[in-house]
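Here is a short report on selected local features. Please keep the sequence and the 3D view open while reading.

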Amino acid sequence: MKARKPDCVVIGAGPAGLGAALAAHEAGLKDVLLIERDVELGGILPQCIHDGFGSIIFKETLTGPQYAQRFIDRVEKTDIEVKLNTMVLDLKPDRTITAVNAREGIMEIRPRSLVLAMGCRERTRHQILIPGYRPAGVICAGAAQRDINIEGLLPGRRVVILGSGDIGLIMARRFTLEGAEVEGVYEIMDHPGGLTRNVVQCLHDYDIPLHLSHTVTFIHGRKRVEAVTVSRVGDDLKPLPGTERLVPCDTLVLSVGLIPENELSKKAGVVLDPATGGPLVDERMETTVEGIFACGNVMNVFDLVDYVTHTAEVAGRAAAEYVLAKGRRRREAPLRVEPGRNVKFVVPQLLRGFEREVSFYFRVQHPEKAVRSRLVAGGEVLAGRRAKMVRPPEMVRVKAGPEELKSVREMGEVRIEVLPEAGAGGNGAGEETGDDVA
Ligand SMILES: Cc1cc2nc3c(=O)[nH]c(=O)nc-3n(C[C@H](O)[C@H](O)[C@H](O)COP(=O)(O)OP(=O)(O)OC[C@H]3O[C@@H](n4cnc5c(N)ncnc54)[C@H](O)[C@@H]3O)c2cc1C
């Protein structure tokens, strides 16, 4: 089998893959190949027919298909090669790809640079171990969304939703609009898992109850779901005996988290961050394997597609620079960006270069009011942003330019931390105010 050797291969054609392929092409790569296992471009977006996409990049709220189309139109005007219905099966540390489709069979491709953009997948019942029978009617929220919005099928008429992440909230509204009865959304944590705007627009506006600190503890029904038992949980998140309640329903929709899709990354020897489930990347979105870049949800689960596109543009441009430099670039030993107070994780986790603006994305561990998020090196605040409120579902972005990053290089250490406004000190110089999204 003769291996093809393009300048760049992008695996996955969601918003991350589309953005990365375009950026690599625009930065001067002639031979860019975009590989997608699905029948169409756009990744998860074609099934997300609600609005709320693009508020940062386009300053308007688009539906998922509209957002995707803006990038698909641009790709179609280029000579980027697209292979649909093509699954990447294997990836080696030297970037050798094995892929397959029905027309060409198995093929080997050895690109000069590679961008991972495989997105993420949903956690299933199997991963959260709900006791009970195994009837029909237990479905993940994204699969239910596909059934309704793409296939024209209604998976159930009396629905309980477990998990209040954005997909669960959006599906509570979607089922209601289709005439199903949503008995309630149950959330094990004491705060909602999704964006505030989705709690308001998807639950409050439709009088759908949200039961915080609750979980499903048994699934009833032999052939089809007939009911679920729900229980209140304690501070340790364990069900409290005596609080059980039977809720009749024919469908249990699971919205219990997403897992970055990194089987191929592991095969290539890419080191993953246990905190994000995705590759460790530096400010150019390069992984720990030279010439392999990552962007979008494969890296960590982003709340906003605009951030996905931004990481894609950085990764695509960096892949092009890598190829055009023909291996002349020295790869510096990385500096680790440490998560400080009330920070669960940060991406990028590594810094190798200090000459370009870097956006650091992070999630907090717990909700906190009136805070300053800060990039700190050697006790000096280099950049930051103030916010009235930070919550775990909403990512925070702090940007730092070459001037600030020069200090990081001098100090040899850097961390991101979130402090209460009152105790943060400093005069707020260089800090932005508010969120990215109005
Ligand atoms: C239900 C839902 C609602 C959302 N609502 C909003 C919203 O209102 N506003 C907002 O800003 N964001 C929203 N998001 C988030 C946004 O859609 C995602 O952040 C974004 O789509 C992630 O893009 P991605 O390209 O990283 O991944 P994806 O869109 O998942 O694309 C990954 C692609 O990789 C392909 N792939 C994976 N493995 C392989 C392989 N081995 N070979 C070939 N192809 C492969 C997949 O088929 C897929 O097409 C929502 C997400 C969901 C799921």
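A residue counts as buried when its relative accessible area is under 20%, and as exposed when that area is over 50%. Between the two cut-offs it is partly exposed. By that rule Tyr67 is buried, because its relative accessibility is 0%. The model is predicted.

**Aromatic pairs**

There are seven aromatic pairs in the structure. In one of them, the rings of Tyr67 and Phe71 have centres 5.2 Å apart and planes at 40°, so the pair is tilted. Both residues sit in helix 2, four residues apart, which means about one helical turn separates them. Phe71 has a relative accessible area of 4%, so Phe71 is buried.

A further aromatic pair joins Tyr307 and Tyr361. Its centre-to-centre distance is 4.9 Å, the planes meet at 55°, and the pair is tilted. Tyr307 belongs to helix 8, whereas Tyr361 belongs to strand 24 (residues 358–364). The pair therefore ties together parts that are 54 residues apart in sequence. Tyr307 and Tyr361 are both buried.

Tyr67 and Phe71 are also part of a cluster: ring pairs link them with Phe58. Phe58 has a charged partner as well. Arg70 lies over the face of Phe58, at 4.7 Å from the ring centre.

**Helix 1**

Helix 1 covers residues 15–26. Does its length fit its residue count, and what is the expected span? At 1.5 Å a residue, the 12 residues should span 16 Å. The end C-alpha atoms are 16 Å apart, so the two values agree.

How many of the 12 residues of helix 1 are buried? The count is 10, so the helix is largely enclosed by the rest of the structure. The buried set runs from Pro15, Ala16, Gly17, Leu18 and Gly19 to Ala20, Ala21, Leu22, Ala23 and Ala24. These residues pack against three strands: strand 1 (8–11), strand 2 (32–35) and strand 9 (114–116). They also pack against helix 2 (64–76) and helix 8 (305–324). Tyr67 and Phe71 lie in helix 2, and Tyr307 lies in helix 8. Just after helix 1, Gly28 takes a positive phi of about 115°.

**Backbone exceptions**

Most residues other than glycine have a negative phi, and most peptide bonds are trans. The table sets out two residues with a positive phi.

| Residue | Phi | Loop between | Relative accessibility |
|---|---|---|---|
| Asn85 | near 55° | strand 5 (81–83) and strand 6 (87–91) | 45%, partly exposed |
| Leu237 | near 65° | strand 16 (227–232) and strand 17 (245–248) | 34%, partly exposed |

One peptide bond also stands out. From Val347 to Pro348 the bond is cis, with omega near -5°. Pro348 is found in the loop between strand 22 (343–347) and strand 23 (350–351).

**His191**

Where is His191 found? It lies in the loop between strand 13 (181–187) and helix 6 (196–203). His191 has 16% relative accessibility, so it counts as buried. Its side chain makes a polar contact with the side chain of Asp190, at 3.0 Å. Beyond its neighbours within four places in sequence, His191 is in contact with Ser164, Leu212, Pro367 and Pro392.

Note on methods: Residues are numbered from 1 along each chain as its sequence is written. This is a predicted model: local features need pLDDT of at least 70, side-chain atom pairs count only at pLDDT 80 or more; totals for chains, interfaces and linings use all residues. Side-chain values use heavy atoms; hydrogens and water are left out. Helices (H or I, at least four residues) and strands (E, at least two) are DSSP runs, numbered from the N terminus. The expected span of a helix is 1.5 Å times one less than its number of residues. Buried means under 20% relative accessible area, exposed over 50%, partly exposed in between (1.4 Å probe, protein chains only). Contact means heavy atoms within 4.5 Å. A polar contact is a pair of N or O atoms within 3.5 Å; within protein, one must be able to donate a hydrogen and the other to accept it, and residues adjacent in sequence count only if both atoms are side-chain atoms. Rings of Phe, Tyr and Trp (its six-membered ring) pair if their centres lie within 6.5 Å; planes under 30 degrees apart count as stacked, over 60 as edge-to-face and the rest as tilted. A charge sits over a ring if NZ of Lys or CZ of Arg is within 6 Å of the ring centre and within 35 degrees of the ring normal.
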